[in-house]
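Trainee: Could you take me through one part of this structure slowly? I'd like a close look at how aromatic rings pair up.

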2 protein chains.
Amino acid sequence: MKMKLNSFLFFFIGVFCCHSFLCQTREITNKPTHMKSNFSLAIHGGAGNILNRNLSPEKEEAYRNKMKEALKKGYDMLAKGDSAVNVVEAVIKILEDSPLFNAGKGAVFSHEGRNEMDAAIMNGKTLDAGAVANVRTIKNPISAASMIMRNSNFVLLSGEGAERFAKNNNVEIVDTAYFFDQNRWDEYLKVKDSNSTKLDHDSSTGMVNPTNTIDKFGTVGCVVLDTYGNLASGTSTGGTVNKKYNRIGDSPLIGAGTYANNKTCAVSCTGHGEDFIKIVAAHTVSALMEYKRMKLSTAANEVIFKKLAEIKGRGGLIAIDRQGNISMPFNTSGMFRGFVEANGNMKVFIYKEE
Amino acid sequence: MKMKLNSFLFFFIGVFCCHSFLCQTREITNKPTHMKSNFSLAIHGGAGNILNRNLSPEKEEAYRNKMKEALKKGYDMLAKGDSAVNVVEAVIKILEDSPLFNAGKGAVFSHEGRNEMDAAIMNGKTLDAGAVANVRTIKNPISAASMIMRNSNFVLLSGEGAERFAKNNNVEIVDTAYFFDQNRWDEYLKVKDSNSTKLDHDSSTGMVNPTNTIDKFGTVGCVVLDTYGNLASGTSTGGTVNKKYNRIGDSPLIGAGTYANNKTCAVSCTGHGEDFIKIVAAHTVSALMEYKRMKLSTAANEVIFKKLAEIKGRGGLIAIDRQGNISMPFNTSGMFRGFVEANGNMKVFIYKEE
């Protein structure tokens, strides 16, 4: 009898050990939390072949300062109890307004010599989302995306229609000349007669031009955990230099370049957009957490170093979970990136080795 | 000693039982298979408030015959060893060319009185994909999507740019007048002064007009398993009646309305597009299979009856796995749908109770 009891005991210990082992990576619960003292925020300003020798000390300083300014803005808003979606929009506006990044004012030129911008925002609490593609006259594409999310039943509007929606909803419209930037134009002139943007990615360096490569995958993004435990993400981009045919990349596509879900994480991607679309990158990070019980960093690394690598894709992502953990993997030589935590700890990085 | 041995034995039995239980739903492997004698194919022609009393016997017969014609075409191609992606394109072309369905020739009118069409195709073997959004002069949007997949480094092209790409690549261009259909125009005139397409979904019936509701979520789609064990999917649509602002729905978005991956399944969705975008519906079916080891029907049902229901979304999907299993769940009163198997078994359905 004693033997039988012992056997049953060990049987259940076995079941318990096995269950614990298989489920040990479950860290995220769906329970609503109210982490009043916890919040955090991460940003990216694009991934690419960013090497120290290609960036002057002055330019490097300018990038670091602009990222700090954006992080500081987000920190102040979060500390005052502002919502994740409001913070995402405000932070991305700062990056869009800077010609340093390939979004808004710094957008690159398409093959047709136009600035065609894409952006998306998503609320992890409600799964509401808004996005614009191929817009040319909206000063802050992220604000148009936000207005679509808040004030319409649509998710993705494009081109002239999206611009009309923005105008009807008092989102600031500017002349296309606002987006002109001499450096971007010079960069465009150098590559416009090449037949494809893809060729550049096939080269060993992935460069359009060694001195301009930092712009190659330029995109800006922001992921936020607010003091109410809600997640949000946003992405904004001018796309790839010399893109053609009203190409739409991954940034405005919910699931590909942008995704947020309070159950799991908020994600914003940067890289060769078509590859991120094929692996539905941002949603895959979330799915690995929700269905495979991976923790944030394991899921984010799986997407960049395995899924993206399998199709020879290049780029990176930033992601945040409901505990405020942040992950920022990339497989290029650099990614403009940074984060700030509730305790004020703020860091910005550019190169891989940082 | 005997007790100890027994205890260890029971411990390992416990571990084994637990592991078997947790993994019992794994049915799909990543091993390449060559099911020369196995293939199958499913199609949909849109989900919506399709009630027997709204459809005359003649119209019902016309729908069933057109679906059978499309299935027969796909069957013949597959039996001859044609590839999944070729079959998806050919089958969808038949549905696009018919004014019965809201895609190609039968596309509904946008608020601006235009036919603005979206389509996507994806190859589950390579994850290559192609898509068009807001095209107005391409006779078969699915063929333009296919050409983008096969002959460019892009995934998604839109508007006039997508049309230029199609023209440059010898995809058939037609005058916008080709898409005019008197019934669609009359339907459009009835709703054009309503301010939103969303209002209709908020009504208890989800109807624009009781007699026209079969068109409400009109979209066509096709999922295929070919004789080489490869999967592919495609979707084509005219979007929602009275849509505004160059709205893009879920159909051309890889992961939302269309997805295929040889590891798991091929999926094509139909319904209120914005909801399918928010839950990244097609990719979620795949993710549930890959990461949660669900079988196809369990995963497809989870997406339609749980994920979509949670955000009060309406619609359906068709999905196929590498064993040729087919799942076609929907939460509306009907969905035009059908399948054919390698043994020639062909079925078409319209209403829920069939």
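Mentor: Sure, and let's settle one word before we start: a residue is called buried when its relative accessible area is under 20%. Keep in mind, too, that this is a predicted model.

Now for the rings. Over all chains, the structure holds 20 aromatic pairs. Let's zoom in on one of them, Tyr63(B) with Phe336(B): the two rings are stacked, with 4.2 Å from centre to centre and 20° between the planes. Tyr63(B) belongs to helix H2 of chain B (residues 57-79) and Phe336(B) to strand S12 of chain B (residues 334-341), so this pair ties together parts that are 273 residues apart in sequence. Tyr63(B) and Phe336(B) are both buried.

Phe336(B) also pairs with Phe101(B). Here the ring centres are 6.2 Å apart and the planes stand at 90°; planes over 60 degrees apart count as edge-to-face, so that is what this pair is. It links distant parts of the chain as well: Phe101(B) sits in the loop between helix H3 (84-97) and strand S2 (117-123) of chain B, 235 residues apart from Phe336(B) in strand S12. Phe101(B) has a relative accessible area of 1%, so it's buried. For Phe336(B), the relative accessible area is 1%, so that one is buried too.

Now hop over to chain A. There, ring pairs join Tyr63(A), Phe101(A) and Phe336(A) into a cluster.

One last thing to look for is a charge over a ring. In chain B, Lys105(B) has its charged end over the ring of Tyr178(B), 5.1 Å from the centre. In chain A, Lys105(A) lies over the face of Tyr178(A), 5.1 Å from the ring centre.

Notes: Residues numbered from 1 in each chain as written. Chains lettered and ligands numbered in written order. Predicted model: local features only at pLDDT ≥ 70, side-chain atom pairs only at ≥ 80, totals over all residues. Heavy atoms only, no water. Phe/Tyr/Trp six-rings, centres within 6.5 Å; stacked < 30°, edge-to-face > 60°. Helix = DSSP H or I, 4+ residues; strand = E, 2+ residues; numbered from the N terminus. Buried < 20%, exposed > 50% of the residue type's maximum accessible area, 1.4 Å probe, protein only. Lys NZ or Arg CZ within 6 Å of the ring centre and 35° of its normal.
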